[in-house]
Structure formats: C-alpha cells, structure tokens
Amino acid sequence: MSGMRARQSMTFSAFQQTALRALAALMMLLATSVRSNLVNDEDPFLPVTQDETVAVGGVVTLTCSVKENDNSSLQWSNTAQQTLYFGEKRALRDNRIQLVKSTATELIISIADVQLSDDGEYTCSIFTMPVRTARATVTVLGVPGKPVITGFDDAVVEGGKVTLTCTSSGSKPPAKLHWYRDQEEIQGRPDVVESNPDELTYTVTSELTLTVNRSDNNALIACAVDHASIANGDKRTEQPLSVLFSPSVSIHPESDLPREGEKFFLQCVGNGNPEPTAFVWRRKDAELPPLAKVDGAFLRFESLNKSDNGVYECQADNGIGMGDITHTLLVQEAGGKPADPTAMSTSSGVDHAVIGGVVAVIVFIMLCLLIVLGRYLIRHKGTYLTHEAKGSDDAPDADTAIINAEGGHSGVDDKKEYFI
C-alpha cells in the first residue's frame with residue numbers, strides 16, 4: 001500500500017512539473033510576441049501599405065512607404081507572389097502595370113483595366129536583414145449589368161394580377177434590387193442570389209406581384225440595381241404597365257345655350273383602354289326626334305325644336321365593358337327666352353292646374369260677396385224693426401201705445417176737430 005502511494009505521489013509531482021514547464025513556455029512566447037510587436041511598431045524600416053477597392057475596368061494605385069532606408073530596395077509582388085516592380089525596374093511584362101513613383105522610401109505603382117482576377121493580397125517588401133514585408137488587399141468589385149424586366153407580355157385586365165421579374169448579372173458582391181412605381185418605392189419579394197459558374201460574380205433576381213386597376217395604366221414600373229461599384233447612384237430599367245378597363249363616359253354639348261332653329265350636336269366621349277368604338281344613343285321615355293341623326297359618337301340635330309327637349313343617353317362599348325351617361329337637353333326660344341323645363345312632358349298638366357286655380361279663386365270671391373251681402377241685409381232688417389216699435393214703451397195708455405206703434409210720435413199734440 002505504501003509503495004502504491006509513493007508511486008502516485010511521484011506521478012503527481014511529474015505532472016505538476018510538466019504543467020509548470022508548459023506554462024513557463026507560454027509566458028515566454030507571449031512576452032516574445034509583445035516585444036516583437038513593440039519592435040515592429042517602432043521599426044522605421046517596416047513598410048506601410050493600405051487596402052484598396054476598385055471596380056472592374058478601373059485603375060487601382062498601390063503605395064508602399066518606409067520611414068527610413070539603408071539603401072535597400074522596395075518591391076511590389078502580386079497575389080501569385082510574382083514580382084511586379086523592384087525599385088524602378090519592371091519585373092512582369094504586363095502593360096497594365098505602370099510605375100508612378102520610386103524613391104528610397106516610397107514605391108507607388110498603378111494597375112489599369114482591373115479584372116476580377118486581380119482581386120487578392122499584394123505584398124510590399126524591403127530587403128533588409130531580415131526582410132520586412134507588408135500586405136495590401138485589393139478588392140475588385142464586379143459591376144452589375146443593367147436590370148432586365150420580364151412579365152409584360154400581355155396587357156392586364158383591371159382587377160387582375162401581374163407578376164414581374166427583374167434580373168441583374170455580374171455583380172460582386174451580390175447587388176440589391178429595388179422596385180418603384182413612378183417615383184414611389186414598392187416592396188417585392190426578397191432577392192434570390194445565385195453564383196455564376198466559373199466566375200466570381202453573382203446573378204440577382206427579384207419578383208413583384210401587383211393587383212392592377214385603371215390608375216395603373218401607363219404607370220412606370222422600374223427595377224433599380226444598388227451596388228458599391230456604381231458611382232452615379234443606381235442602374236434602372238423602366239417599363240409602362242398596360243391595363244385594360246371599361247370606358248367612363250361623358251357627353252359634351254356643342255353649346256350651353258341651344259336655340260330653336262339652330263343646328264346642334266351632342267358628342268359622346270369614352271375614356272377606356274382600348275378606346276371605345278361602338279356608341280348607342282337613346283332618348284328616355286320617347287323615340288329619338290325625326291330630325292336627330294346618330295353619327296357614331298355624335299347625335300346631330302338639323303334644326304332644334306322645343307319638342308327636342310328631353311333626357312338623352314349615350315352608351316359606349318370598348319369590348320372590355322360598357323359605360324353610359326345621360327344629358328338633359330333644354331332648347332331656348334328663338335328670341336332668347338329659355339324653354340320651360342317642365343313643358344317637356346307635363347304641358348297639359350300645367351294647363352289643367354292653371355284653370356283649376358282660376359276657378360277656385362272665382363268661387364272664393366263669390367262666397368266672400370255672399371257673406372258680406374247677407375250680413376248687410378241682416379243688420380238693416382234689425383234697424384227697421386226697432387224703428388217700427390219706437391214710442392210704444394212711453395205711451396200712458398193702450399190707445400196711445402197703439403197710435404205710437406202705428407207710426408205716431410210722442411210729444412206731438414193730437415189734432416182735434418171742433419164743431420160749432
């Protein structure tokens with residue numbers, strides 16, 4: 001038992017020693033790395049570069065510089081570690097690559113007509129002891145092509161749906177697509193991104209589904225590409241919508257004051273897609289006047305008459321649907337007095353009403369006269385009876401009362417006869 005414990009103790013001690021050695025080695029490595037970084041940050045011979053981004057077909061400029069130089073040469077190498085320039089000397093036969101500037105502390109070159117294959121890390125080196133290097137990443141942007149919109153094969157009937165597809169190829173990184181109706185942005189489905197075979201670019205697709213109405217006819221639907229390689233904003237493609245809808249109809253009279261005896265016409269105007277080509281004219285509650293002639297969208301009157309007054313209806317048909325509207329025609333008299341609108345269909349009714357009114361007034365007047373005359377007669381009859389009995393109340397005896405009632409007068413001395 002004691003031997004086993006001794007062996008365990010020895011094993012544990014060996015493990016501790018190994019762990020301590022590993023920890024010490026790690027500490028030394030970290031210290032060396034920190035010291036190395038401090039030395040590099042303060043190293044005046046260390047090259048300094050910067051990353052660049054350029055679109056396909058553009059020009060990229062690579063700059064490498066040091067603070068000090070001990071007569072060592074600066075060198076630029078490409079992504080395949082091929083030397084492009086060593087000081088002022090061209091090392092690679094590529095006319096796209098040109099020397100811009102070369103001094104003891106700076107080397108600047110340019111690459112024209114950049115291609116996607118130029119994407120990657122470039123190295124600047126200075127051949128001191130030891131050799132010091134710095135890297136610059138060149139990001140080449142694939143320029144997206146102008147978007148293509150499909151789905152406009154046929155016009156759409158009002159109330160129907162249309163699905164439009166926008167596609168743009170050649171972008172790197174993938175472009176973003178946006179939909180617009182005139183100047184207002186509208187939402188389509190999320191973009192679908194596909195990588196192009198044997199290329200470093202992408203194809204982006206977006207769909208838009210619309211339920212259309214007549215206000216969408218001739219509206220511009222645009223698909224725009226948004227990408228960092230496009231300097232002047234976005235690329236876009238526009239195409240107008242074509243919506244089929246039934247006509248809305250209006251009637252335009254030749255004059256607002258049609259007069260008797262004049263020529264006159266009503267024009268039926270239909271606004272639809274397509275434009276209406278079939279027109280039907282009717283007169284409500286009556287036949288068209290004999291002198292009224294239908295001429296397509298026109299209803300022509302050779303000579304207006306009061307009998308032409310009425311409500312006229314026009315119906316327009318464009319094959320998608322029909323629309324109709326009415327217009328009331330009121331013909332003025334030749335002297336300028338406008339015709340009575342109620343005379344169109346109720347002249348006999350108006351005459352009867354006038355006659356009835358006159359008769360009613362006459363009857364009323366006669367009744368009033370009879371009432372006045374009756375009251376007058378009753379009043380004068382009462383007066384006559386009163387005078388006839390006057391004086392009977394004051395008579396001293398019956399004989400005198402009778403005499404007074406028969407027309408005698410009180411206070412008047414009776415005439416007497418004397419015989420001699």
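**Exercise 1.** How many bridges join strand β4 to β5, and in which sense do the two strands run?

*Solution.* In this predicted model, β4 covers residues 83–86 and is joined to β5 by 2 bridges, the two strands running antiparallel. Next, one looks for a pair of residues in register, and finds that Tyr 85 has Arg 90 in β5 as its bridge partner. Finally, the pair is placed in its sheet, an open one of 6 strands with mixed pairing in the order β1-β9-β8-β3-β4-β5, where β1 and β5 are the edge strands, each pairing on one side only.

**Exercise 2.** Determine which disulfide involves strand β12, and describe the surroundings of its cysteines.

*Solution.* Begin with the strand itself: β12 (residues 161–171) pairs antiparallel with β10 over 3 bridges, and Ile 149 stands opposite Cys 166. On to β16 (residues 202–211), which is joined to β12 by 10 bridges, also antiparallel, with Ser 169 opposite Thr 203. Cys 166 forms a disulfide with Cys 223, the sulfur atoms being 1.9 Å apart, and the -85 degrees about the S-S bond make the link left-handed. Because Cys 166 lies in β12 and Cys 223 in β17, the pair ties together parts that are 57 residues apart in sequence. Buried means under 20% relative accessible area, so Cys 166 at 0% counts as buried, and Cys 223, with 0%, is buried as well.

**Exercise 3.** Which residue does Cys 64 bond to, and are the two cysteines buried or exposed?

*Solution.* A disulfide joins Cys 64 to Cys 124, with 1.8 Å from S to S, and both cysteines are buried.

Key. Residues are numbered from 1 along each chain as its sequence is written. This is a predicted model: local features need pLDDT of at least 70, side-chain atom pairs count only at pLDDT 80 or more; totals for chains, interfaces and linings use all residues. Side-chain values use heavy atoms; hydrogens and water are left out. Two strands pair if DSSP finds at least two bridges between them. Helices (H or I, at least four residues) and strands (E, at least two) are DSSP runs, numbered from the N terminus. A disulfide is a pair of cysteine sulfur atoms within 2.5 Å. Buried means under 20% relative accessible area, exposed over 50%, partly exposed in between (1.4 Å probe, protein chains only).
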